[in-house]
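Student: Got a minute to look at a structure with me? I'd like to go through the ring contacts and the odd backbone spots.
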Amino acid sequence: MQEGFVFLGNLSSFEKRDNKVVLVCGAAKVELQILAPDLVRVRLAPNGVFEPDYSWAVVKRDWPPADFTLEETDRALRVKTSELVVEVQRAPCRLSFFDPEGFLVNADYPAYGMGWSGRRVKCWKSLDYDEHFYGFGEKAGRLDKRRSVMVMWNTDAFGYGPETDPLYKSIPFFIGIRRGKAYGIFFDNTYRTTFDMGHTSEDFYSFEADGGELNYYFIQGPCIKKVLERYTELTGRPLLHPRWALGHQQCRYSYYPAERILQLADEFRKRQIPCDAFYLDIHYKDRYQSFTWNKTRFPDPKKFASEMKAKGFKLIPIVNPGVKADPSNKFFVEGVQRDYFCRYPTGELYLGRVWPGICVFPDFSREDVREWWGSLHAVYVDVGVDGIWNDMNEPAVFVERSVSRQFESIFGHVMNLVLRRGALPPELLPQRTMDVEVIHHDHGLNSPHEKIHNVYGLLMCMATYEGLMRLRPNKRPFILTRAAYAGIQRYAAVWTGDNTSNWDHLALQIPMLLNLGLSGITMAGDDIGGFASTPSPELLTRWYQIGAFLPICRNHTILGSYDQEAWVYGEKYLQVIREFLELRYQLIPYIYSLLHQASKIGHPIIRPLLFEYQDDPNTYTIQDQFLVGPYILVAPVVKEGSFKRLVYLPRGEWIDYWSDTKHRGPAYVEVDVPLDRAPIFIKSGAIIPMQPKMLYVDEKPADPLYIHIYPSATSSTFTLYEDDGETLNHEKGEYLLTPFTCILEGGWLTIEVGDREGTYTPPPRTFIAIIHQVERKPEKVSLDDTPLTQTASPEDLLRAEQGWSFNEAKKVLQVKFRDTGGKQRVTVRLS
């Protein structure tokens, strides 16, 4: 397996240059760059000459000086910071990373270390017996990627299965946990890369690339949260998307004509199903060419968009990178005249067949091409659409066979997929893409497509994002993309591509989305109900019970499938789906606050249990449960016909959302799961802001704002984030941070509304604090030391200006008071 590789030899000398230590090992050199006390960049130059230093993923290049010292012994050189010790073994040159207490966090595998073979570069790392791996972006299979082999090569993987690899996105970053301590490695190489995480050997794991530089960043934990914070500082924080993007979204391949979509919009409103957006798939276009409208199906796009907006719906059209190579196509003519399209080294235009027919493809590695492409979105902005859906940007190119032969070869397999008999065999997956020898400008390096392939989708999103920012300078763009590379969180949301309507895929989506979150990609979702084939009523309902908690909540299905809207199976199932969508909309203040937190420090909205409970090894392999923020645990049903399921509750006290019954963890509990219930547990100490039910985000002011509180023995705090939800004014200070604190001490329960931060002023409103697990009726409830009056019922409380009510059966206390915009304190004297 290592045949043909040359391994890094002995350390002969070294030199310190500013924040770098250059190691000389014969003709080869290794550069250690100390970017921060917990962040070290490692580069290998086999011939002693490093490649041009730039990155499409890394945005933070200027780091404040990080103090470090060098210590020499006969055996090793040590580079020491306040958080990390990099030990460089002299013979042969091998790297080991220690924490300040001397714990070995990570080490090169002694026999191989770093090496090269022709253009290939590779690094081998020692594998501990209890090491676990997470992240890697969008990968099928288990949550813990130990023993997996994964390839990073963006691929149009229609009909993928649990073992399919690669998929649509390449995020060469992972988090390792070794004996409870975490670290991260980001291998910033855009060529086809392979990660072998202990599949080949139980003694080592490896990562390698088919070309380019061995260039990786080592991030010292020991906390997972800290690793992810540093990674997203390096590659960019996730966007603060417009608030409406958290709403329910409806899609199919394809909705047309305009009249049908307007009818569907009315149906959503008539049936009281919350929904915020409709997607337009390729049939809205004129002969499938982006930046055009089919005037038969959509005769007046501007009027159509205006009518949808009046109903509370956003429009998101699909845009593909292929430009039809036709002299009658003005975009083609303009691009050829300006030499904007990719070419072979001979100068010949690259041509590939996609939806419009034979197409050319923009070279998004050029800034002027990105600017041109972004400007074309005026076609959509002028009409009044609100988002863009970037698809086929792996880039995907159709299999080059005659139509008859292609149909004959895959028809049987597609029918098996439709009939739920499994995924397409790997050899028939549409893996065709641009020829690897095609040239991209790439900062003047004229790089082959094999280097740019994995960032093509990222660069297309960059072009789209920058174009929308120019066209709508003070509005937040919303972009959904299928293909991606590290750093995509700066520009777009993602979904897990063309999944399938079966129970295996329902279960598969959870670990995929959790690992995307651990890869810095916060805004992610899947096709609810499955894209390929048609879900059963039970499957669609259970899928919505997951989708209601995902950052992107989108229903999507394939051309020719049965209708998949929430109501298609009748009121029995619709009632359940509606209830979960209503709950999602009630949780928008909580979820939007988590999205803001992600934009500041990179923490995902949905989290594997290990993210919050890293010290509990039981959480390391749980992949059918997840947390929404720190407080809400969701344990969805992913097996057909289930009536019960086992739920793991980590340490602490947990309250069943549906019944308010209390459980203490760590423990496994068996829970009844009738069709209308998915297990939801709230962590004791939770403070969860919620709003009234709405049919679309911001349908009306969030008045009253409900603050659900689950008191614990220790004080707890949650900070509500608010702004206008749409513009960039929050960057100028027009936002509002409101901390809520709950303290239970000495027979008194105190709820504090703390000092606000920011200049945004929400509409006038009242707060209703809903306090759970109150055993007896309080003796007294006061607001800022002024006693409040008890009302006869919660209904009377809603009508009152302020006051409190107590439900003895449910053990719930409600306290209502006006939001004054300043500090406020509610005190409850418990019996």
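Student: How many aromatic pairs does the structure hold?
Tutor: The predicted model holds 64 of them. One is Phe-136 with Phe-195. That pair is edge-to-face, 5.5 Å centre to centre, with 75° between the planes.
Student: Where do Phe-136 and Phe-195 lie in the chain?
Tutor: Phe-136 is in the loop between strands S13 and S14. Phe-195 is in strand S18. They are 59 residues apart, so the pair links distant parts of the chain.
Student: Are those two buried or exposed?
Tutor: Both Phe-136 and Phe-195 are buried.
Student: And why does the pair Phe-186 and Tyr-217 count as stacked?
Tutor: Their planes are at 20°, and stacked means under 30 degrees. The ring centres are 5.9 Å apart. Phe-186 sits in strand S17 and Tyr-217 in strand S20, so the pair ties together parts 31 residues apart in sequence.
Student: New topic. What sits over the ring of Tyr-279?
Tutor: The charged end of Arg-554, 4.7 Å from the ring centre. Lys-16 lies over the face of Phe-68.
Student: Backbone now. Which peptide bond in strand S39 is cis?
Tutor: The one from Gly-665 to Pro-666, with omega near 5°. Pro-666 is the residue in S39. Another cis bond joins Glu-394 and Pro-395. Most peptide bonds are trans.
Student: What about phi at Asp-660?
Tutor: Phi there is positive, about 65°, though Asp-660 is not a glycine.
Student: Why is Asp-660 called buried?
Tutor: Because its relative accessibility is 16%, and buried means under 20%.

Notes. Residues numbered from 1 in each chain as written. Predicted model: local features only at pLDDT ≥ 70, side-chain atom pairs only at ≥ 80, totals over all residues. Heavy atoms only, no water. Phe/Tyr/Trp six-rings, centres within 6.5 Å; stacked < 30°, edge-to-face > 60°. Helix = DSSP H or I, 4+ residues; strand = E, 2+ residues; numbered from the N terminus. Buried < 20%, exposed > 50% of the residue type's maximum accessible area, 1.4 Å probe, protein only. Lys NZ or Arg CZ within 6 Å of the ring centre and 35° of its normal.
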